[in-house]
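Thanks for making time this morning; I would like to walk you through one model, going from strands to domains and then to the place where the chains meet. Please keep the structure open while I talk.

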Amino acid sequence: MSEMIFDTANRLFADHAKAAFAALPQRQVDGAVAWQSELWEAIEEFGFPLALLSEEEGGFGLESLEALPIIRLVGAHALPVPLAETMLANYLLAAAGLSLARGPAVVVTGVEIVSESTGWRLQGKVREVAWGRAAQTVVVLDDVGRIARIEQGWSIEEGHNLAAEARDTLHFDISLAAEMVATSPVRCEVFEAMGAVMRAQGLAGVLEETLKRCIDYSGERVQFGRPICAFQVIQQNLAELAGQVAAARAGADMAGAALSLVKTQPQNFILLAAAAKMRAGEAAGKAAWVAHQVHGAIGYTREFQLHPLTTRLWAWRDEFGNENYWAEILGETCLAGGAEDFWPLLADRVGGMQ
Amino acid sequence: MNMLSFPPPPAGMAMPELRTEVRDFLREQLGDDYGPEQRAQSWMGFDAEFSYQLGKKGWLGMTLPKEYGGHSRSALERYVVMEELLAAGAPVAAHWIADRQSAPLLLHYGSEEQRQTILPRIAAGKCFFCIGMSEPDSGSDLASIRTRALRVDGGFRVNGTKLWTTYAHHAHYMILFCRTDNSDDRHGGTSQLLVDLTTPGISINPIGDIAGEHHFNEVVLEDVFLPESALVGELGQGWKQVTGELAFERSGPDRFLSSFTLLTQLVGILSQAPSREAKRAVGRLVGHVMVLRHMSQSVAGMLDRSENPMLQATIVKDLGALVEQEIPDIARTLVVDTGSPNSTFAAVLARTLLAAPSFSLRGGTREILRSIIARGLGLR
């Protein structure tokens, strides 16, 4: 089942990757790539936005590690779509008993949901919302455990990240009927950690593709009469890159496997997500340097298709918490327990989750 | 990129009862007398009595069949015990090599007589081994060894010198990697021999390490006669056997826990008044350790399923050494206590830092590991 989904997604995404690359604006400062509606329609047709749901909820009943390869493939093919965001939105909506997302969706935090005489009022501003301009459903999580599902009523200020993905600012000031708000299945800090796992998975996909490109290119590019992969210094750099890729992927899978525990062991899940995103973010930075170095001046051009990968590495390591953000959360927990609890924390608490 | 994939570790590696049992045992055996400075020796701490007690508990030769004095337990149970011992900084050096690589090698390739006579003693914590691989002119280039075993009537006559032989001066046996034949193939004509270190003609000379401690030795073999029965496995198959042995050497939890006592000390000191800088630095190291542990357990699972995770083990060792070496470098910037007399932290830091260069040397240098990875990537 999972292999079939992987192959299907891989073929579909490969078909659309060229168009997405061709649609990139000429310059990074010009803004986001145009919304790829055909690609999104195909994604919906295959049901990928429902990949984290059980069969009763309308999904395929996959284990999380069977569904997450789809997210890695979105990264590997450098597709400009909020699939990870929509998968999370549907996961939360289903768990909260609200109706599933219509179209591309996104989850936002940092908006206040306050009660008023006829229902609820939503107020606030959220920055760097992935494809806010294309979203047809927005899921709002507030700080006190409420969830709201809306389909209209926000205004958009456009923005974009280094990889020309839309990262818009959304402004909310709207009234909602009582039935549009429910109790959230997870607190917003747990959602942040879920987002971090999705980005760690995405980074792992980009990293795997980056390594593959480096291996292929170093075998084709000839200098001093030999393919450059024949030089030990290139071999050593690529071996180091491979280690970073392997660690990022392993960390992302470690936390990805624990997605099923967000409701029962949220605090431990956060620690695994923290390690995963921290590790993937660190790997991303190191990998981007090696990839560009191996590809030389050719890889530095807009024309050559390395930058959709490396700009994603740079952009995604900052999204859903950078390395310092998650390291601080991990460190705080470890230091709160002191030396006595340190090994039991690693071995029994977070290590005992599988 | 299959070689880069680390499947989820097997279910049930939490083993809370076994872990509690090991922790209780360590508290009882070591207590407060075995302080952080000694624990910082990690897998270099030597205590024959401790190893004997561990054997009595049934925690040596855990995976060996019962008929050879073992306990027929799973490789994963063994992993959990090893990990608990290392996390506590228990003195495991006496039995470490015998239990980790010599016993599995003898079980796999050894003669029935070798298995019957040696394995029960390893499991009892009474028989210690050293590694006979490196030589004065053969470090990373292991295939260039010159120690030679000539066929003579009834056995072999061995001449040569082994170097950097850890704890040879306390070991009962060495698994000697040597040339037994001329061969055009660099890897051919090599064999492994079981050497009783009391055999006449063997001299063991101490070599101080960077800290002036005596772990290393030079082992000189002069006209040493070994009986036919000393041959381990097949004549001429030494290279294949020795690479299998290295896979055991590279895959365990000793590849990310070498600096763990220092990290624990650091957590203890910084927890008094945690600054944001301290949280971030500790959290980053912990994140690395968590991922390495996950990868290491994944390798343990592959070994348990009789897969061949040679490349994954190599990657874990390479990444593990980086983090183990980073821990002292970062610890010293967070706790400014490095020169105080009687400071436990300073002593633990000094021991760890002085041990750290070896982390990316023994068991395969960083450069050798990366060339193995590069071959796996198809680059060479």
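A:E112 stands opposite A:Q123 in strand β3 of chain A, and that pair belongs to the antiparallel pairing of β2(A), residues 112-116, with β3(A), residues 119-130, over five bridges. Strands here are DSSP runs of E with at least two residues, helices are runs of H or I with at least four residues, both numbered from the N terminus, and two strands pair if DSSP finds at least two bridges between them. With two residues between them, β2(A) and β3(A) form a hairpin. β3(A) also runs antiparallel to β7(A), residues 167-177, joined to that strand by 10 bridges, and A:G119 has A:A177 as its bridge partner there.

Before going on, I should say that this is a predicted model, in which local features need pLDDT of at least 70 and side-chain atom pairs count only at pLDDT 80 or more, while totals for chains, interfaces and linings use all residues. Residues are numbered from 1 along each chain as its sequence is written, and chains are lettered from A and ligands numbered from 1 in the order in which they are written.

Let me turn to where the chains meet. Taking two residues to be in contact if their C-beta atoms, placed from the backbone, lie within 7 Å, 47 residues of chain B are in contact with 48 residues of chain A. On the chain B side, the elements giving two or more residues are α1 (16-29), α8 (260-270), α9 (276-304), α10 (310-334) and α12 (366-376), and the largest share, 17 residues, comes from α9(B).

Within that region, which residues of α10(A) meet α8(B)? They are A:C334, A:L335, A:G338, A:A339, A:F342 and A:W343, and their counterparts in α8(B) are B:T264, B:Q265, B:V267, B:G268 and B:L270. The axes of α10(A), residues 323-350, and α8(B), which are lines fitted to C-alpha atoms over the stretch in contact, with angles running from 0 to 180 degrees between N-to-C directions, come within 7 Å and cross at roughly 140°. That crossing makes α10(A) oblique to α8(B), since angles under 35 degrees count as roughly parallel, over 145 as roughly antiparallel, 65 to 115 as roughly perpendicular and the rest as oblique.

Finally, chain B has an assignment, automatic or from a database, into domain 1 (2-128), domain 2 (131-237) and domain 3 (241-376). The centres of domain 1 and domain 3 of chain B, taken over C-alpha atoms, are 19 Å apart, and each of these two domains gives 30 residues to the contact.
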